[in-house]
Amino acid sequence: MSPFETPEAGTAPDRPARRGPPEPIPVTVLTGFLGAGKTTLLNRILADTALADTAVLINEFGEIGLDHLFVREVDEGVVLLASGCVCCTVRGDLVAALEDLLRGRDNNRLPPFSRVLIETTGLADPAPILHTLMTHPYLLMRYRLDGVVTVVDAINGGATLDAQPEAVKQAAVSDRIVLTKTDLAQTDAEKTAVADLRRRLATLAPAAPVLDAAAGEATAERILKAGLYDPARKIPDVARWLAEEQIAANREAAEGPAVVTDPNRHDDRIKAFSLATDAAIPASTLDLFLELLRATHGGSVLRMKGIVKLADDPSAPVVLHGVQHVMHPPSRLAAWPDDDHRTRLVMIVRDLDPMVIQRLFEAFLGVPSVDTPDRAAMTDNPLAPPGLSGMR
Ligand SMILES: Nc1nc2c(ncn2[C@@H]2O[C@H](COP(=O)(O)OP(=O)(O)OP(=O)(O)O)[C@@H](O)[C@H]2O)c(=O)[nH]1
């Protein structure tokens with residue numbers, strides 16, 4: 001009997017029932033650079049009843065994960081992968097999480113799911129993830145890589161492709177590209193930049209349709225069910241990246257996995273860290289902190305997201321999203337999404353010492369510290385960035 005065949009309960013052992021292997025479960029990888037709009041898209045498509053039986057794995061970069069709080073109806077089908085990036089530090093966790101999902105499904109601990117969606121971190125190099133899904137012997141028996149959906153931010157996308165090689169890879173391996181934030185392109189210059197970005201994406205991923213999220217094109221039906229992932233339909237670089245992964249996998253098999261525990265190992269220039277406080281923050285203090293951050297270090301902050309306890313109503317926290325130089329309008333939640341009621345800000349910065357921001361944050365909160373200017377010294381300073389001097 002083949003290892004895939006199992007006798008039906010009650011059948012005579014000498015006449016095993018002929019049952020084929022279970023249908024492999026399609027896996028979709030949702031990727032895209034920091035803040036491009038992956039979680040927003042995930043929420044939108046999970047609301048589609050056609051995806052009610054989807055298990056979701058979320059990978060986050062940073063010491064404190066927040067994304068899982070914002071995915072609608074977090075239930076036992078949503079698994080938060082360990083801190084660190086799924087493409088390097090937690091590749092083993094990805095395999096373990098996928099195995100665990102199957103076990104849960106097989107022993108009825110989890111509801112039966114018929115699709116898996118993996119949201120990668122914004123910094124993920126997709127090649128190792130795809131390589132794992134396409135070559136791991138056990139995963140191959142029960143799962144099949146269905147497709148890669150890459151989310152690209154229409155406003156920041158061009159600059160991101162210039163500066164971040166991961167973003168180029170994310171676009172090049174995609175089966176579908178979801179272009180977000182086209183609604184924010186208002187001026188002629190911004191609209192021209194979006195048209196340039198579309199041309200660039202067409203060169204990087206010639207076979208991938210580009211779906212405009214703001215125009216309602218990114219429906220569950222259109223972005224999932226891509227068929228079977230086929231590296232041959234991608235630009236030649238993709239096959240090379242996947243081949244490099246095979247070399248890395250062989251080395252790992254020979255020498256054992258590299259022991260990496262630092263979620264910041266991804267790129268020495270990029271650091272993820274978090275700020276947290278119990279204190280309720282006055283809205284004006286938060287505004288000033290964000291304004292000073294933008295004015296002084298805006299170019300270095302790739303991503304900022306957080307949940308904030310405001311002094312006016314500490315029971316209704318505010319969710320903040322900053323993506324490079326764009327600060328998205330904050331939204332107010334009716335209640336805290338989990339038991340942790342502290343303000344938590346996750347920052348991902350490039351070429352900046354996290355301590356600089358940590359001190360700035362503490363100065364605004366009024367935490368005394370040696371060699372740190374207090375808030376008044378910054379805001380009343382005639383040399384303060386425009387818009388800040390004289391503000392309280
Ligand atoms: N105007 C507009 N805003 C959008 C759109 N898509 C996403 N956003 C906003 O962009 C911000 C970041 O979106 P997220 O979905 O958190 O981005 P992400 O890719 O999951 O972020 P990371 O997990 O940090 O990489 C949020 O404030 C969203 O509301 C869009 O099409 N238009």
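## Strand β9 and its partners

In β10, lysine 305 has histidine 321 as its bridge partner. This comes from a predicted model. Lysine 305 belongs to the pairing of β9 with strand β10 (residues 318-323), which is antiparallel and runs over six bridges. β9 also pairs with strand β12 (residues 343-350), again in the antiparallel sense and over six bridges. In that pairing, arginine 303 of β9 is matched with isoleucine 348 of β12.

Is strand β9 enclosed or open to the outside? Eight of the eight residues of β9 (residues 301-308) are buried, so the strand is largely enclosed by the rest of the structure.

## The five-stranded sheet

The pairings of β9 are part of an open sheet of five strands, in the order β8-β12-β9-β10-β11, with antiparallel pairing. Its edge strands are β8 (270-277) and β11 (326-332), each of which pairs on one side only. On average, neighbouring strands of this sheet are turned by 10° against each other, direction ignored. In a regular strand, side chains alternate between the two faces of the sheet.

Helix α12 (residues 354-365) lies across β8 and β12. The helix runs at about 20° to β8.

## Glycine 306

Glycine 306 is found in strand β9. It counts as buried because 22 other C-beta atoms lie within 10 Å, where the cut-off is 20 or more. Which residues does glycine 306 contact, leaving aside its neighbours within four places in sequence? They are Leu320, Thr343, Arg344, Leu345 and Val346.

Proline 317 is eleven residues from glycine 306 in sequence. The distance between the two in space is 9.8 Å, C-alpha to C-alpha.

## Two loop residues with positive phi

Most residues other than glycine have a negative phi. Glutamine 324 has a positive phi of about 50°, although it is not a glycine. Its place is in the loop between β10 and β11. Glutamine 324 has 22 C-beta neighbours inside 10 Å and therefore counts as buried.

Aspartate 351, in the loop between β12 and α12, also has a positive phi, near 55°. Is aspartate 351 buried or exposed? It is exposed, because 11 other C-beta atoms lie within 10 Å of its own and a residue with 12 or fewer is counted that way.

## The shell around the ligand

There are 21 residues around the ligand, and Gly37, Thr40, Gly122, His321 and His328 come nearest. His321 is also the bridge partner of lysine 305. By character, the residues of the shell divide into six nonpolar, nine polar and six charged.

Which elements supply at least two residues each to the shell? They are α1 (38-46), β9 and β10. The largest share, three residues, comes from α1. The shell draws at least three residues from each of domain 1 (25-255) and domain 2 (268-379).

## Helices α1 and α4

Leucine 41 is found in helix α1. With 22 other C-beta atoms within 10 Å, leucine 41 is buried. Not counting residues up to four places away in sequence, leucine 41 touches Val151, Val178, Ala213 and Ala218. Aspartate 287 is 246 residues from leucine 41 along the chain, and the C-alpha atoms of the two are separated by 28 Å.

Helix α4 (residues 126-135) is mostly covered, with eight of its ten residues buried. Those buried residues are Pro126, Ala127, Pro128, Ile129, Leu130, His131, Thr132 and Leu133.

## The protein as a whole

The protein has 13 helices and twelve strands. It contains 392 residues, of which 37% count as buried. Among contacts in the protein with a separation of 6 or more, 74% are between residues 24 or more positions apart.

Methods: Residues are numbered from 1 along each chain as its sequence is written. This is a predicted model: local features need pLDDT of at least 70, side-chain atom pairs count only at pLDDT 80 or more; totals for chains, interfaces and linings use all residues. Helices (H or I, at least four residues) and strands (E, at least two) are DSSP runs, numbered from the N terminus. Two strands pair if DSSP finds at least two bridges between them. Axes are lines fitted to C-alpha atoms, for helices over the stretch in contact, and angles run from 0 to 180 degrees between N-to-C directions. Two residues are in contact if their C-beta atoms, placed from the backbone, lie within 7 Å. A residue is near a molecule or strand if its C-beta atom, placed from the backbone, lies within 6 Å of it. Ala, Val, Leu, Ile, Met, Phe, Trp, Tyr, Cys and Pro count as nonpolar, Asp, Glu, Lys and Arg as charged, and the others, Gly among them, as polar. Domain bounds come from an automatic or database domain assignment.
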